[in-house]
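Visitor: Please walk me through this one. I'm new to it, so keep it simple.

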Amino acid sequence: MRLSLLATTAPLAVLTATPAFAQEAQTGGSDERDEHTIVVTGALTDFGATKSDTPIVETARSISIETERDFVIKGSQSLDDVLTYSAGVTAEPFGFSTRGDFAQVRGLDAPEYRDNLQYLFGFYNNTRQDIYTLEQVEVLKGPASVLYGAGSPGGIINVVTKRPHGTTEGEVRLDYGSFDRKQIATDFNIAIPGAEDSAQFRFVGLLRDSDTQIEEVADDKLVIAPAFTARPAPGTEITILANYSDQDSDTAHQFLPVTGTLFPSADGQEIDPYVYHGAPGFNAYNTESFALTLIAEQQISEAISIEGIGRYLDTQADYRQAWIAFTGNGVPRIDADGNGGWTFYLADNRSEQLAFDVRARADFATGPIEHELLAGVQHQNVFTDSDTAYLYAYRTLNAFNPQYLDVPTVAEVEQFKGDGPKNYVDSTGFYISNQMSFGDFVANAGIRFDDVTNRVQNGSTQKDDATSLSFGILWRGPEGISPYASYAESFEPVVGVDTITNKQLLPQEGRQYEVGVKYQPPGVNALVTMSAFDIEVSNLPNPNSLVGGNSQQEGVSKVRGVELEANAFLGGLRLDGNVSYLDAEDPNDLRLTSIADWQASLFALYSFSGALEGLSLGGGVRYVGGNESSGLSAIDGSLLTYRVDGRTVGDLSAGYDFGPFELRVTARNVTNEEYYSVCLVRGDCFPGEKRSINGALTYKF
């Protein structure tokens with residue numbers, strides 16, 4: 001059985017550091033660095049994952065960063081693609097997807113944030129975030145409730161929006177690639193003439209017309225994202241960010257039966273991994289979203305500042321899909337001829353968010369100890385609604401040779417649509433965090449108090465409260481060696497009543513211990529991080545207890561692991577590598593679904609100089625070990641375990657800069673390795689990403 005550890009709100013603190021390195025121009029040049037600071041392209045900011053601009057190498061927390069430049073050279077087309085080279089992240093646990101990004105951090109679901117505020121509420125009522133609108137992607141590993149409130153103990157994914165700056169420049173980019181992928185995008189920034197430092201405008205836009213590796217599944221999209229920054233007075237900065245996204249697509253997940261994929265069929269027939277089991281004319285995954293974000297910063301004095309971010313977000317999704325019906329764990333979904341019940345599902349989903357995070361920042365000293373004190377209040381009001389219809393085994397489909405006959409119309413299925421419950425979640429948190437520096441030591445400690453109310457319209461109301469702690473210490477040792485240790489907590493409300501005690505269910509609680517060392521070789525633009533961690537999640541359900549009983553909240557899950565991550569620039573050679581090991585178990589001591597024990601990757605890119613200046617060549621190799629899914633058989637109650645093998649895939653990247661133009665060709669899974677990311681014991685398999693080749697021509701002005 002899969003342990004679902006919620007992707008709802010947040011997590012913070014602790015573990016490996018993973019910056020992407022880079023141009024000295026972005027930090028003022030290497031001669032300005034002190035012995036403790038590494039040059040990185042992905043620098044943390046006050047609106048980044050840690051809510052602080054303290055360099056990663058001095059932070060007793062685990063953070064990985066992929067920058068906009070990384071997206072380009074590694075050929076990423078989605079957030080999942082971006083995260084495939086991040087240590088401790090399972091980037092494609094359910095294979096190739098068009099509905100959303102399902103990355104898991106340290107074996108556990110990870111919520112998505114944008115500029116400090118949660119952005120997704122359920123995976124199927126949102127428009128997928130497009131990476132062309134982003135400056136970088138940050139992965140903060142481990143519990144983070146002190147900074148973000150309710151959330152997963154695995155970590156959070158925070159994406160950073162492109163914001164206006166003080167230089168007038170821009171680009172137009174044309175893409176063409178596999179599956180007839182056509183895309184045009186532009187990003188231009190204008191510093192208003194005569195007021196370059198006080199008024200700036202930026203526009204990011206994208207239009208895509210694309211098929212995918214699954215027949216009948218498109219991936220068309222329109223994004224319009226203007227932004228404006230004003231500095232009306234000294235010490236005052238106000239930024240307005242807007243984002244409108246409209247995506248017309250279908251779902252790439254076909255929920256292929258395990259018979260004919262993982263297991264042989266009666267007569268040896270195999271299901272094409274890229275077959276379409278949906279219903280043409282019925283299937284759709286069309287989403288539309290609008291977000292308006294306000295960021296304000298006010299410097300009160302040299303030592304005190306106030307900052308805040310607020311967002312209104314409205315999203316809706318028209319989700320319709322057909323698949324071969326599920327029949328229970330271990331029960332074949334198709335007969336010997338490949339026929340199975342064709343199920344039709346329809347959902348009109350919507351979510352609406354109003355949220356803000358306002359905090360005061362103070363820098364001061366008490367004797368030899370320097371403090372950066374952060375005190376804030378975060379509030380979030382979220383409304384979600386889902387009206388669904390579900391017609392089980394309404395028609396028949398052959399898995400080996402599907403014929404899309406007798407497909408019901410949308411109107412026919414909508415006759416069975418019910419008015420789903422409307423859910424309202426209000427949460428408020430007060431937090432204070434203090435980072436202290438004394439000599440070569442950097443320590444941090446934080447505490448947060450949260451109140452969360454979950455209300456169902458015309459139904460029940462549940463209130464939860466929690467206190468969360470975190471602390472850590474790092475020693476900036478000799479020769480660039482910086483050992484650290486940290487502790488962090490998380491909580492996540494569980495709505496419902498214990499059927500045994502008749503009391504309200506307690507929140508899931510997480511805690512993590514972590515130790516590590518960060519190594520920055522003197523005089524070398526490189527950072528190596530090794531860490532070990534122990535996560536425990538309690539108050540989990542344990543319905544399949546192998547020792548008997550129907551416990552409600554006695555389940556405890558444990559995730560332990562080690563991570564090694566290294567990044568370096570050595571002359572014209574750039575290297576990014578990582579290795580991670582996870583021992584992740586659910587309350588029944590079974591491995592967490594879709595989570596591999598070993599993962600590793602290495603990416604290298606060499607930029608030539610001299611006569612070949614402008615040319616860069618490179619590529620990467622990604623290894624993901626095998627994984628399992630376990631559960632009790634619907635036939636006899638015995639334990640079933642399905643396992644898929646690991647895979648190794650390669651990527652290539654080649655680029656050439658000539659004048660204002662850059663041409664880059666990338667290939668992911670260049671050998672076209674065929675694999676399944678996971679096969680669930682409920683009876684379905686998820687194919688991985690096929691080979692995709694993309695060419696991008698960018699004109700910069």
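**Charges and rings**

Visitor: What does Asp180 count as, buried or exposed?
Guide: Neither. Asp180 counts as partly exposed, because its relative accessibility is 32%. Buried means under 20% relative accessible area and exposed over 50%, with partly exposed in between (1.4 Å probe, protein chains only).

Visitor: What kind of model is this, anyway?
Guide: This is a predicted model, where local features need pLDDT of at least 70, side-chain atom pairs need 80 or more, and totals for chains, interfaces and linings use all residues. Numbering starts from 1 along each chain as its sequence is written, and side-chain values use heavy atoms, leaving out hydrogens and water.

Visitor: Back to Asp180. Which residue does Asp180 form a salt bridge with?
Guide: Lys182. The closest N and O atoms of Asp180 and Lys182 are 2.9 Å apart. Lys182 is partly exposed at 32% relative accessibility. A salt bridge needs a side-chain nitrogen of Lys or Arg within 4 Å of a carboxyl oxygen of Asp or Glu.

Visitor: Why would side chains pair?
Guide: Opposite charges can pair when the charged atoms come close.

Visitor: How many salt bridges does a search of the whole structure find?
Guide: It finds 49. One of them joins Asp187 and Lys162, at 3.1 Å from N to O.

Visitor: Where do Asp187 and Lys162 lie?
Guide: Asp187 is in strand 11, while Lys162 is in the loop between strand 9 (155-161) and strand 10 (169-177). So the pair ties together parts that are 25 residues apart in sequence. Strands are DSSP runs of E, at least two residues, numbered from the N terminus.

Visitor: Are those two buried or exposed?
Guide: Both Asp187 and Lys162 are buried.

Visitor: Got another? What does Arg643 meet in a salt bridge?
Guide: The side chain of Glu628, at 3.6 Å from N to O. This pair links distant parts of the chain. Arg643 is in strand 31 (residues 639-644) and Glu628 in strand 30 (residues 627-632), 15 residues apart. Arg643 is partly exposed, with a relative accessible area of 40%.

Visitor: Which residues do shared partners join into one network?
Guide: Asp46, Lys51, Glu307, Asp357, Arg359, Arg361 and Glu372. Salt bridges that share partners make that network.

Visitor: New topic: rings. How many aromatic pairs turn up in the whole structure?
Guide: The search finds 31. Rings of Phe, Tyr and Trp (its six-membered ring) pair if their centres lie within 6.5 Å; planes under 30 degrees apart are stacked, over 60 edge-to-face, the rest tilted. Take Phe188 and Phe201: their ring centres are 6.4 Å apart and their planes at 50 degrees, so the pair is tilted.

Visitor: Which strands hold Phe188 and Phe201?
Guide: Phe188 lies in strand 11 (residues 181-191) and Phe201 in strand 12 (residues 199-209). So this pair ties together parts that are 13 residues apart in sequence. Phe188 is partly exposed at 24% relative accessibility. Phe201 is also partly exposed, at 28%.

Visitor: And what about the rings of Tyr487 and Tyr513?
Guide: Their centres are 5.1 Å apart and their planes at 45 degrees, so that pair is tilted. Tyr487 lies in strand 23 (residues 481-492) and Tyr513 in strand 24 (residues 508-519). That ties together parts 26 residues apart in sequence. Tyr487 is buried at 13% relative accessibility, whereas Tyr513 is partly exposed at 47%.

Visitor: Which residues form an aromatic cluster?
Guide: One cluster has Phe94, Phe102, Phe255, Tyr285, Tyr319, Trp323, Phe326, Tyr345, Tyr390, Tyr392 and Phe686.

Methods. Helix = DSSP H or I, 4+ residues; strand = E, 2+ residues; numbered from the N terminus.
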